[in-house]
Amino acid sequence: MQPITLALAKGRPAKSTIDLLVKTGIQFHDFHEKSRKLVFYNDDRSIKLIFVKAMDVPTYVEKGAADIGIVGKDNILESKADIYELLDLKIGKCKFAVAGKKEQMPEQNQQLIIATKYPNIAKKHFAKKGQSIEVVKLNGSVELAPLIGLADYIVDIVETGNTLKENGLSVIEDIENISTRLIVNKASFATKSAEVQQLISQLKSALE
Ligand code: PRP
């Protein structure tokens, strides 16, 4: 069998994903979340694991630099990458939400300023409601924006809700549930079909 390249997203669900792979019998002995190393091989070198920024995983997979990616639905939606999404690993569960200082969105049709790490998701959500917005793209600590007047509301991920709570913000609208997904490059799905299907069926059994 040909080796497959698996792009794993750095961040919170990485450890749970590695634990799930171990359950399937796939081990990367020298892998450690805090390691600065970016490439790892399993015991029989049938899988090459590359450890990349979550928001880059869909790009690696779309471009064929990785055959398979394991990444949050948030990054898949934001990237709009042309890939196959084949499995929900049911880890890294959280949701996209609109949050702010107030309990609800304003009634009037005024233009809102929305701070977010996810401009495409924010634009799509408000476009569906017919609400005009200006997006302020941030790369982190988004909850700060409404506190200092940089934005009216935020569109962000909520997991435990602690970050919102500790900053005096509340969820105003839920947008979509998120979890970690397995994605596949379209060409690899055809050319490495056996390897891809085997990994998916191993993961499915481990999830049961
Ligand atoms: C994410 C997200 C929220 C927070 C939500 O940020 O953007 O800020 O986690 O998690 P919670 O509901 O459990 O508090 P991350 O930790 O990735 O850091 P960042 O602000 O630097 O992006």
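Start with β2 and β3, residues 47–52. The two strands pair in the antiparallel sense, over three bridges. Keep in mind that this is a predicted model. Now pick out V39: across from V39 stands I50, in β3.

Next, widen the selection to the whole sheet. Six strands make up this open sheet, and their order is β2-β3-β1-β4-β11-β5. The pairing is mixed. Which strands are the edge strands? They are β2, residues 39–41, and β5, residues 84–88. Each of these pairs on one side only. Look along the sheet for its turn: on average, neighbouring strands are turned by 25 degrees against each other, direction ignored.

Now add the helices. Select residues 14–23 for helix α1, which packs on the sheet. Helix α1 touches β1 (4–9), β3, β4 (68–72) and β11 (180–184). Compare directions here: that of α1 makes about 145 degrees with that of β1.

Then go to residues 193–207, helix α8. Helix α8 lies across β1, β3, β4, β5 and β11. Its run is at about 25 degrees to β5.

Last stop: the surface. Select L144, L147, I148 and L150. What do these residues form? Together they make a nonpolar patch, with about 360 Å² of accessible area. Zoom in on L150, in the loop between α5 (144–147) and β9 (153–158). Why does L150 count as partly exposed? Because its relative accessibility is 37%, and partly exposed covers what lies between buried, under 20%, and exposed, over 50%.

Technical notes. Residues are numbered from 1 along each chain as its sequence is written. This is a predicted model: local features need pLDDT of at least 70, side-chain atom pairs count only at pLDDT 80 or more; totals for chains, interfaces and linings use all residues. Side-chain values use heavy atoms; hydrogens and water are left out. Two strands pair if DSSP finds at least two bridges between them. Helices (H or I, at least four residues) and strands (E, at least two) are DSSP runs, numbered from the N terminus. Axes are lines fitted to C-alpha atoms, for helices over the stretch in contact, and angles run from 0 to 180 degrees between N-to-C directions. Contact means heavy atoms within 4.5 Å. Patches are made of residues with over 30% relative accessible area and no salt bridge: like charges are joined within 9 Å, nonpolar side chains (Val, Leu, Ile, Met, Phe, Trp, Tyr) within 5 Å. Accessible areas come from the Shrake-Rupley method with a 1.4 Å probe; for residues, only the protein chains shown count as cover. A salt bridge is a side-chain nitrogen of Lys or Arg within 4 Å of a carboxyl oxygen of Asp or Glu. Buried means under 20% relative accessible area, exposed over 50%, partly exposed in between (1.4 Å probe, protein chains only).
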